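Student: I am new to this structure and would like to look closely at a single part of it. Could we take one helix, and then go on to the ligand?

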Amino acid sequence: MNQAVLDWVHEVELLAQPENIFWCDGSERENEFLIAESLKQNVLIKLNEKKAPRSYLHRSNPNDVARVEQFTFICTPTKAEAGPTNNWSEPGETYSKLRGLLKGAMRGRTMFVVPYIMGPPDSSLTKIGFEITDSKYVVLSMRIMTRMGEIAVKRLGSDPKAEWNRGVHSLLDVNPERRFICHFPQDNTIISVGSGYGGNVLLSKKCLALRIGSYLARKQGWLAEHMLILGVESPAGKKHYVAAAFPSACGKTNFAMLIPPKHFAGWKVTTVGDDIAWMQIRDGRLWAVNPENGYFGVVPGTSCKSNPNAMKSIERDTLYTNVALTDDGDVWWEGKDGAPPKHAIDWRGNDWTPDSKEKAAHPNSRFATPMRNNPVLDPHVEDGKGVPISAIIFGGRRSDTMPLVFQAFDWEHGTYIGATMASETTAAATGAVGKIRRDPMAMLPFCGYNIGDYFRHWLETGKRLTNPPLIFHVNWFRKSADGKFLWPGFGDNMRVLEWIIDRCEGRVGAHESAIGHIPRMQDLDLDELTGVTPNQMRELLNVNAEEWQKEILDHAKFFESLGGVVPPELEKQRENLAARFKSSTRA
Ligand code: GTP
Ligand code: SPV
Ligand code: MN
């Protein structure tokens with residue numbers, strides 16, 4: 001074992017004083033042992049082996065069911081480096097505070113050391129991490145979500161100067177008052193205490209792959225993004241890859257596993273990743289890898305109708321968190337196929353019937369499942385050089401203003417569209433749900449440095465691309481006056497994806513509007529689309545000048561709220577946008 005790792009583990013051991021240390025090797029035997037222990041200690045409930053083979057249910061503390069953005073900190077030497085969108089705290093003081101909290105925190109408990117890599121084994125972007133944790137649930141989840149064990153130890157080797165991420169996690173007493181998720185980008189270090197849930201504690205994911213990842217990406221000239229990656233093959237056999245940034249719980253997993261409607265016979269969508277993309281420039285193009293090895297997906301709403309590929313992926317080997325347990329040992333959630341069970345145990349562990357006021361599954365209940373279970377896994381998912389990206393798509397939940405789809409005029413305009421995107425908030429983070437907030441590139445909670453520098457990094461990246469992806473914006477969530485979704489979404493999103501691919505191939509038309517290129521009705525394949533009237537379709541594609549006046553004002557307010565860090569190119573983009581509206585109303 002690398003001496004630097006040994007020294008660090010020893011240091012944490014002296015501080016947290018665990019009863020013993022368990023070095024994880026990622027083997028099957030180890031997995032069986034940890035599951036058996038977790039069952040004994042009620043960390044896991046075994047599900048009915050016939051209905052959900054090798055699958056388990058975990059219930060988190062009801063005070064601990066989502067990411068906590070208010071307790072997430074970027075600890076850079078200066079506040080300016082963290083920028084206006086991050087909580088900042090001074091590194092020295094923060095280390096002291098965390099040391100105080102970790103002192104003796106693992107007494108009488110086992111301290112696990114989890115070695116893992118993020119990225120395909122032969123990618124130049126791949127990163128090594130070690131996570132120390134006192135949670136078996138975290139170890140079992142990391143085993144699904146990352147390439148865990150020996151592979152990381154071998155890759156690190158014995159060089160004491162080799163780069164690797166130090167992650168320390170302790171549950172403490174799972175108390176929101178002692179819950180802190182702290183990142184030290186300069187030290188490649190993460191310390192997370194007081195939570196046992198998802199993005200707060202699976203340190204590989206949002207903490208390393210996005211917050212530390214984005215910091216490293218800027219330094220090293222690549223992009224770490226909150227994006228799915230999918231492959232789409234036409235009946236003629238031509239394949240494109242696209243990456244899409246939608247905020248948390250806004251449809252990435254669903255889009256990445258899309259099954260085209262019957263009318264699109266011969267089209268095929270394959271998944272490279274469902275949450276995170278690491279992209280680098282080669283031959284003037286962007287190439288993307290998925291650093292993860294599994295999916296940590298939203299459960300409610302997942303059904304054979306909405307996402308059959310996700311249903312197949314979670315048929316077995318799945319670790320569920322905060323769903324309901326049926327009397328026959330199966331899992332249930334709101335939106336699952338079939339009638340609700342007459343009785344179940346809800347996510348809190350209480351009796352539940354269809355008459356209950358409470359939800360059976362928590363709105364942010366999740367599955368963790370290995371990506372190899374995905375029936376449409378892309379064949380290039382392990383390819384270290386990644387897949388070439390033809391289009392980047394931004395999108396969010398907007399009940400008004402944003403049309404179904406539009407295309408940016410160029411990279412700089414696309415960067416502006418990403419920088420000003422907004423969405424209604426969801427249950428993936430604690431706090432109000434359904435409130436509109438600006439969420440640049442879906443990275444608001446995940447950009448590990450100053451957002452102004454992040455925008456600049458996007459603009460710079462564009463200049464280095466001779467064959468840049470085209471940039472689009474989509475909105476699956478526009479609503480009619482009576483509050484219903486206008487667009488059926490899910491598989492029918494293929495109709496929009498086809499237009500996007502055809503734009504990349506330069507073989508379909510569009511109308512040039514003030515906000516970008518928008519398909520005319522005849523540019524979209526709407527054959528056999530049910531439930532959308534021509535009027536609704538017009539509403540979906542409509543750019544309402546009044547709504548956009550408000551939107552542009554809100555962009556200005558947002559940029560202003562960032563306190564002068566926004567690059568002038570993007571301010572100019574807003575002025576151009578406003579000017580295009582003026583000239584189009586004059587015309
Ligand atoms: P994170 O894992 O939090 O990053 O979320 P995600 O972006 O992967 O979102 P996901 O695909 O899990 O979808 C979240 C919710 O949005 C689920 O309840 C879906 O059913 C719903 N959803 C996804 N796609 C669509 C769509 O096209 N239309 C509508 N109306 N709902 C959708
Ligand atoms: C998200 O919130 O974007 C997620 C879930 O993917 S979590 O891993 O909890 O951050
Ligand atoms: Mn996510």
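Which residues in α10 are buried?

Tutor: Please keep in mind that this is a predicted model. In α10, the buried residues are W411, H413, G414, T415, Y416, I417, G418 and A419, and the helix, which covers residues 411-419, is therefore mostly covered, with eight of its nine residues counted as buried, that is, under 20% relative accessible area. At the start of α10, the backbone nitrogen of E412 has a side-chain oxygen of D410 within 3.2 Å.

Turning from the helix to ligand 1, we find 21 residues around it, and those that come nearest are A249, K252, T253, N254 and R366. By type, the shell around ligand 1 consists of 10 nonpolar, seven polar and four charged residues. Two elements, α8 (252-256) and β18 (294-298), each supply at least two residues of this shell, and the largest share, three residues, comes from α8.

Some contacts can be followed atom by atom. An N or O atom in the side chain of N254 lies 2.8 Å from an oxygen atom of ligand 1, while a polar backbone atom of C250 is 3.3 Å from an oxygen atom of the ligand, and for P300 a backbone N or O atom is 3.3 Å from an oxygen atom of ligand 1. Taken alone, ligand 1 exposes 660 Å², and the protein buries 90% of that.

Methods: Residues numbered from 1 in each chain as written. Chains lettered and ligands numbered in written order. Predicted model: local features only at pLDDT ≥ 70, side-chain atom pairs only at ≥ 80, totals over all residues. Heavy atoms only, no water. Near = heavy atom within 4 Å. Polar contact = N/O pair within 3.5 Å; in protein donor to acceptor, adjacent residues only side chain to side chain. Areas by Shrake-Rupley, 256 points an atom, 1.4 Å probe, with all protein chains shown as cover. Helix = DSSP H or I, 4+ residues; strand = E, 2+ residues; numbered from the N terminus. Nonpolar A, V, L, I, M, F, W, Y, C, P; charged D, E, K, R; others polar. Buried < 20%, exposed > 50% of the residue type's maximum accessible area, 1.4 Å probe, protein only.
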